[in-house]
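Visitor: I am new to reading protein structures, and I would like a friendly tour. Could we look at one together?

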Amino acid sequence: MECTVRWQPEAGMAFVAETGSGHLLTMDGAPEGGGRNLAPRPMETVLAGTAACSAYDVVLILKRGRHAVSGCEVKVQAERAPQDPKVFTRLSLHYRVSGKGLSATAVERAVQLSHDKYCSASAMLAKTAEIGHSVEVVEA
(Lines give C-alpha, C1' and ligand atoms only; values in the text may rest on other atoms or scores of the structure.)
Protein backbone atom coordinates (compact mmCIF):
# COMPACT_ATOMS: atom_id res chain seq x y z
CA MET A 1 0.00 0.00 0.00
CA GLU A 2 1.28 3.45 -0.79
CA CYS A 3 0.22 7.07 -0.93
CA THR A 4 1.83 10.32 -2.12
CA VAL A 5 0.87 13.59 -0.44
CA ARG A 6 1.60 16.91 -2.14
CA TRP A 7 1.37 20.32 -0.52
CA GLN A 8 -0.63 22.86 -2.52
CA PRO A 9 1.22 26.11 -1.58
CA GLU A 10 -1.17 28.31 -3.56
CA ALA A 11 -3.96 27.11 -1.25
CA GLY A 12 -2.23 27.86 2.05
CA MET A 13 -2.05 24.61 4.01
CA ALA A 14 -3.94 22.30 1.66
CA PHE A 15 -2.60 18.89 0.69
CA VAL A 16 -3.67 16.41 -1.97
CA ALA A 17 -3.07 12.73 -1.39
CA GLU A 18 -2.93 10.32 -4.31
CA THR A 19 -3.52 6.79 -3.12
CA GLY A 20 -1.89 3.70 -4.56
CA SER A 21 -5.23 2.82 -6.12
CA GLY A 22 -5.20 6.14 -8.01
CA HIS A 23 -7.74 8.12 -5.98
CA LEU A 24 -7.33 11.69 -4.80
CA LEU A 25 -8.11 13.00 -1.33
CA THR A 26 -7.82 16.67 -0.42
CA MET A 27 -7.09 17.83 3.13
CA ASP A 28 -6.76 21.34 4.55
CA GLY A 29 -5.90 23.04 7.80
CA ALA A 30 -7.83 25.38 10.03
CA PRO A 31 -7.55 29.14 9.30
CA GLU A 32 -5.62 29.68 12.55
CA GLY A 33 -2.95 27.32 11.20
CA GLY A 34 -2.74 28.90 7.75
CA GLY A 35 -5.41 26.76 6.10
CA ARG A 36 -8.55 27.90 4.33
CA ASN A 37 -10.95 25.30 5.74
CA LEU A 38 -11.69 23.93 2.26
CA ALA A 39 -11.41 20.23 3.10
CA PRO A 40 -11.27 17.88 6.09
CA ARG A 41 -8.33 18.08 8.47
CA PRO A 42 -5.84 15.20 8.28
CA MET A 43 -6.89 13.87 11.70
CA GLU A 44 -10.55 14.00 10.63
CA THR A 45 -9.63 11.72 7.75
CA VAL A 46 -8.06 9.31 10.24
CA LEU A 47 -11.39 9.20 12.11
CA ALA A 48 -13.37 8.82 8.90
CA GLY A 49 -11.07 6.04 7.73
CA THR A 50 -11.44 4.22 11.03
CA ALA A 51 -15.23 4.41 10.95
CA ALA A 52 -15.31 3.31 7.30
CA CYS A 53 -12.88 0.44 7.96
CA SER A 54 -15.07 -0.90 10.73
CA ALA A 55 -18.34 -0.28 8.86
CA TYR A 56 -16.92 -2.21 5.91
CA ASP A 57 -16.18 -5.15 8.21
CA VAL A 58 -19.62 -5.06 9.81
CA VAL A 59 -21.45 -5.03 6.48
CA LEU A 60 -19.24 -7.78 5.04
CA ILE A 61 -19.65 -9.99 8.13
CA LEU A 62 -23.43 -9.57 8.09
CA LYS A 63 -23.67 -10.21 4.34
CA ARG A 64 -21.51 -13.33 4.62
CA GLY A 65 -23.83 -14.51 7.37
CA ARG A 66 -26.70 -14.02 4.93
CA HIS A 67 -28.32 -11.31 7.02
CA ALA A 68 -30.52 -8.82 5.15
CA VAL A 69 -28.46 -5.73 5.95
CA SER A 70 -29.48 -2.63 3.99
CA GLY A 71 -27.70 0.22 5.78
CA CYS A 72 -24.82 0.96 8.11
CA GLU A 73 -23.94 4.31 9.62
CA VAL A 74 -21.12 4.87 12.10
CA LYS A 75 -20.87 8.07 14.09
CA VAL A 76 -17.50 8.45 15.79
CA GLN A 77 -16.55 10.94 18.47
CA ALA A 78 -12.99 11.34 19.66
CA GLU A 79 -10.92 13.02 22.32
CA ARG A 80 -7.31 13.99 21.79
CA ALA A 81 -4.36 14.50 24.09
CA PRO A 82 -3.97 18.17 25.09
CA GLN A 83 -0.28 18.30 24.12
CA ASP A 84 1.72 17.33 21.06
CA PRO A 85 1.57 14.81 19.66
CA LYS A 86 -2.17 15.17 20.08
CA VAL A 87 -2.99 11.49 19.67
CA PHE A 88 -6.50 10.20 20.05
CA THR A 89 -7.07 9.12 23.65
CA ARG A 90 -10.71 8.05 23.48
CA LEU A 91 -13.02 7.03 20.66
CA SER A 92 -16.69 6.23 20.81
CA LEU A 93 -18.30 4.62 17.77
CA HIS A 94 -22.06 4.37 17.44
CA TYR A 95 -23.27 1.89 14.82
CA ARG A 96 -26.73 2.30 13.33
CA VAL A 97 -27.35 -0.79 11.25
CA SER A 98 -30.55 -1.33 9.35
CA GLY A 99 -32.06 -4.31 7.61
CA LYS A 100 -34.90 -6.74 7.53
CA GLY A 101 -35.10 -9.03 10.54
CA LEU A 102 -31.60 -8.22 11.80
CA SER A 103 -30.94 -9.51 15.27
CA ALA A 104 -29.15 -7.26 17.72
CA THR A 105 -26.97 -10.24 18.64
CA ALA A 106 -25.75 -10.68 15.06
CA VAL A 107 -24.99 -6.99 14.67
CA GLU A 108 -23.19 -6.80 18.03
CA ARG A 109 -21.15 -9.87 17.07
CA ALA A 110 -20.17 -8.27 13.74
CA VAL A 111 -19.12 -5.05 15.49
CA GLN A 112 -17.12 -6.98 18.08
CA LEU A 113 -15.38 -9.06 15.39
CA SER A 114 -14.46 -5.88 13.57
CA HIS A 115 -12.87 -4.40 16.69
CA ASP A 116 -11.25 -7.59 17.95
CA LYS A 117 -10.03 -9.15 14.72
CA TYR A 118 -10.47 -7.31 11.43
CA CYS A 119 -10.28 -3.51 11.56
CA SER A 120 -6.65 -2.49 11.10
CA ALA A 121 -7.40 1.18 11.76
CA SER A 122 -9.06 0.67 15.13
CA ALA A 123 -6.33 -1.83 16.10
CA MET A 124 -3.72 0.88 15.53
CA LEU A 125 -5.69 3.55 17.37
CA ALA A 126 -6.25 1.17 20.28
CA LYS A 127 -2.52 1.57 21.05
CA THR A 128 -3.20 5.10 22.33
CA ALA A 129 -6.96 5.34 22.71
CA GLU A 130 -9.68 3.69 24.71
CA ILE A 131 -12.28 2.57 22.17
CA GLY A 132 -15.91 2.00 23.01
CA HIS A 133 -18.96 1.34 20.90
CA SER A 134 -22.72 1.16 20.95
CA VAL A 135 -25.11 -0.51 18.54
CA GLU A 136 -28.54 0.45 17.28
CA VAL A 137 -30.51 -1.91 15.03
CA VAL A 138 -33.24 -0.46 12.83
CA GLU A 139 -35.87 -2.51 11.02
CA ALA A 140 -35.95 -1.52 7.35
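Visitor: Is Asn37 buried, partly exposed or exposed?

Guide: Welcome! Before we start, this is a predicted model, in which local features need pLDDT of at least 70, side-chain atom pairs count only at pLDDT 80 or more, and totals for chains, interfaces and linings use all residues. Residues are numbered from 1 along each chain as its sequence is written, and side-chain values use heavy atoms, with hydrogens and water left out. For accessibility, buried means under 20% relative accessible area, exposed over 50%, and partly exposed in between (1.4 Å probe, protein chains only). Asn37 has a relative accessible area of 46%, so the word for it is partly exposed.

Visitor: What is the order of helices and strands along the chain?

Guide: Helices (H or I, at least four residues) and strands (E, at least two) are DSSP runs, numbered from the N terminus. The chain has three helices and six strands. Read along the sequence, their pattern is β-β-β-α-β-β-α-α-β.

Visitor: How many residues does H1 have?

Guide: The expected span of a helix is 1.5 Å times one less than its number of residues. H1 reaches 33 Å from its first C-alpha to its last, close to the 33 Å expected at 1.5 Å a residue. Its number of residues is 23.

Visitor: Which elements do the buried residues of H1 pack against?

Guide: The buried residues of H1 include Leu47, Ala51, Ala55, Val58 and Leu62. An α-helix has 3.6 residues a turn, so residues three or four places apart point the same way. With contact meaning heavy atoms within 4.5 Å, the buried residues of H1 pack against S3, S4, S5, H2 and H3.

Visitor: Is Lys63 buried or exposed?

Guide: Lys63 is also part of helix H1. Lys63 lies 58 residues from Val5 in sequence and 35 Å from it in space, C-alpha to C-alpha. The relative accessibility of Lys63 is 53%, so it counts as exposed.

Visitor: Where does Arg66 lie?

Guide: Arg66 is not a glycine, yet it has a positive phi of about 60 degrees. Its relative accessibility is 77%, so Arg66 counts as exposed. Its place is the loop between H1 and S4.

Visitor: Which residues have the most contacts inside the largest nonpolar core?

Guide: A nonpolar core is a set of buried Ala, Val, Leu, Ile, Met, Phe, Trp, Tyr and Cys residues joined through side-chain atoms within 4.5 Å. In soluble globular proteins, nonpolar side chains tend to be buried together. The largest nonpolar core here has 20 residues, and those with the most contacts inside it are Val58, Leu62, Leu91, Tyr95 and Val97.

Visitor: Which element gives the most to this core?

Guide: H1, S4, S5 and helix H2 (104-118) each supply at least two residues of this core. The one that gives the most, with six residues, is H1.

Visitor: Which residues does Leu62 touch, beyond those up to four places away in sequence?

Guide: Leu62 is one of the buried residues of H1. Some of its partners belong to H2, where Ala106, Val107 and Ala110 are among the buried residues. Leaving out residues up to four places away, Leu62 touches His67, Val69, Val97, Ala106, Val107 and Ala110.

Visitor: Is Ser98 buried or exposed?

Guide: Ser98 sits in strand S5. Leaving aside neighbours within four places in sequence, its contacts include Val69, Gly71 and Val138. At 14% relative accessibility, Ser98 therefore counts as buried.

Visitor: Which peptide bond is cis, with omega near -10 degrees?

Guide: Look at the loop between strand S4 (68-80) and strand S5 (88-100), where Pro85 lies. The cis bond leads into this proline, from Asp84 to Pro85.

Visitor: How many charged residues does the lining of the largest pocket have?

Guide: On a 1 Å grid over the protein atoms alone, a pocket is an open set of points where a 1.4 Å probe fits, with protein on both sides within 12 Å along at least five of seven lines; lining residues have an atom within 4 Å of a point. H1 gives the most to the lining of the largest pocket, with five residues. Ala, Val, Leu, Ile, Met, Phe, Trp, Tyr, Cys and Pro count as nonpolar, Asp, Glu, Lys and Arg as charged, and the others, Gly among them, as polar. By these classes the lining has five nonpolar residues and four polar ones, and the number of charged residues is zero.
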